[in-house]
Amino acid sequence: MFHKSKFTYEYIMEIRKMHPKKIIITGIQASGKGTQAAMLAEKYGIKHLSTGEILREHVYAGTDMAKGYTIEDMETGHLAPINVITRVMEYELQNSDNFILDGFPRSKEQLALLEANVNDIDMVIYLQLDDDAATERMKSRGRADDNDDGIAQRLKSFHEETETIIYEDFIHYPNFYVINANQSVENVFNDILTAVDDSQ
Ligand code: AMP
């Protein structure tokens with residue numbers, strides 16, 4: 001028997017209107033940004049733009065886009081230079097009508113790059129986690145760049161650069177939410193969904 005689907009074009013367009021389309025997710029390393037961004041991207045059908053993932057692909061494949069940034073830089077937790085970030089991010093920012101930005105912007109100059117290309121960010125989600133909990137998590141996931149030097153370097157760059165744009169800039173964006181990241185994946189996601197509802 002034929003069942004009429006409720007997922008008509010109109011219904012889908014209605015759903016798509018009801019959630020933020022351009023989201024920034026930010027937080028210290030290992031705060032769960034990547035996991036939560038992937039879950040949100042899937043739930044709302046928006047693009048997950050992970051700068052770390054995009055950079056890793058370019059660096060390991062040795063593409064021209066990554067010129068000036070090496071595997072060693074990446075594994076010691078050094079941020080990619082702005083010209084590399086500009087090459088890998090500008091096209092995506094200009095040509096996406098929806099995205100969840102994970103790992104970008106991390107510094108004032110990257111914020112300027114964002115603001116030069118996008119003026120309609122709908123929501124900023126800050127996953128808050130203290131250094132001790134972040135260090136524990138990084139040590140237990142054991143990625144190539146999760147060695148002691150890499151961890152120390154990334155905590156330092158978070159506090160010196162990313163935290164500055166969170167407290168000086170993102171707090172003034174519409175729909176800025178702070179979420180406690182020191183909870184289970186499911187509870188963090190529920191808190192994010194509550195924030196999304198609240199932002200509508
Ligand atoms: P992640 O997967 O976010 O921990 O990123 C892995 C590495 O990629 C970082 O340690 C940085 O070296 C580099 N990276 C990621 N995002 C950025 C960014 N927005 N700017 C510069 N470097 C980045």
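**The cavity and the sheet**

The largest cavity in this predicted model has a volume of about 60 Å³. With the threshold set at 30 Å³ or more, the count comes to 1 cavity. Its lining is made up of Ile 25, Thr 26, Gly 27, Gln 29, Lys 33, Gly 103, Phe 104, Pro 105, Arg 106, Phe 158 and Thr 162. Sorted by class, that gives 4 nonpolar, 5 polar and 2 charged residues. Strand S1 puts in the most, with 3 residues, and both S1 and helix H8 (148–168) supply at least two residues each.

S1 also turns up in the sheet. This is an open sheet of 5 strands, paired in parallel and running in the order S2-S3-S1-S4-S5. Strands S2 (48–50) and S5 (176–180) sit at the edges with a single partner strand each, so one side of each has no neighbour in the sheet. From one strand to the next, the twist averages 20 degrees.

At the S2 edge, the pairing with strand S3 (residues 99–102) is parallel and covers 3 bridges. Here Ser 50 stands opposite Asp 102 in S3. Helix H3 (residues 51–61) packs on the sheet and touches both S2 and S3, its direction making about 60 degrees with that of S2. Helix H9 (residues 185–199) packs on the sheet too, touching strand S1 (22–27), strand S4 (123–128) and S5. The direction of H9 makes about 160 degrees with that of S5.

Key
Residues are numbered from 1 along each chain as its sequence is written. This is a predicted model: local features need pLDDT of at least 70, side-chain atom pairs count only at pLDDT 80 or more; totals for chains, interfaces and linings use all residues. Side-chain values use heavy atoms; hydrogens and water are left out. Two strands pair if DSSP finds at least two bridges between them. Helices (H or I, at least four residues) and strands (E, at least two) are DSSP runs, numbered from the N terminus. Axes are lines fitted to C-alpha atoms, for helices over the stretch in contact, and angles run from 0 to 180 degrees between N-to-C directions. Contact means heavy atoms within 4.5 Å. On a 1 Å grid over the protein atoms alone, a cavity is a set of points where a 1.4 Å probe fits but cannot get out, and a pocket is an open set with protein on both sides within 12 Å along at least five of seven lines; lining residues have an atom within 4 Å of a point. Grid points are joined across faces, edges and corners, and a volume is the space filled by probe spheres set on the points. Ala, Val, Leu, Ile, Met, Phe, Trp, Tyr, Cys and Pro count as nonpolar, Asp, Glu, Lys and Arg as charged, and the others, Gly among them, as polar.
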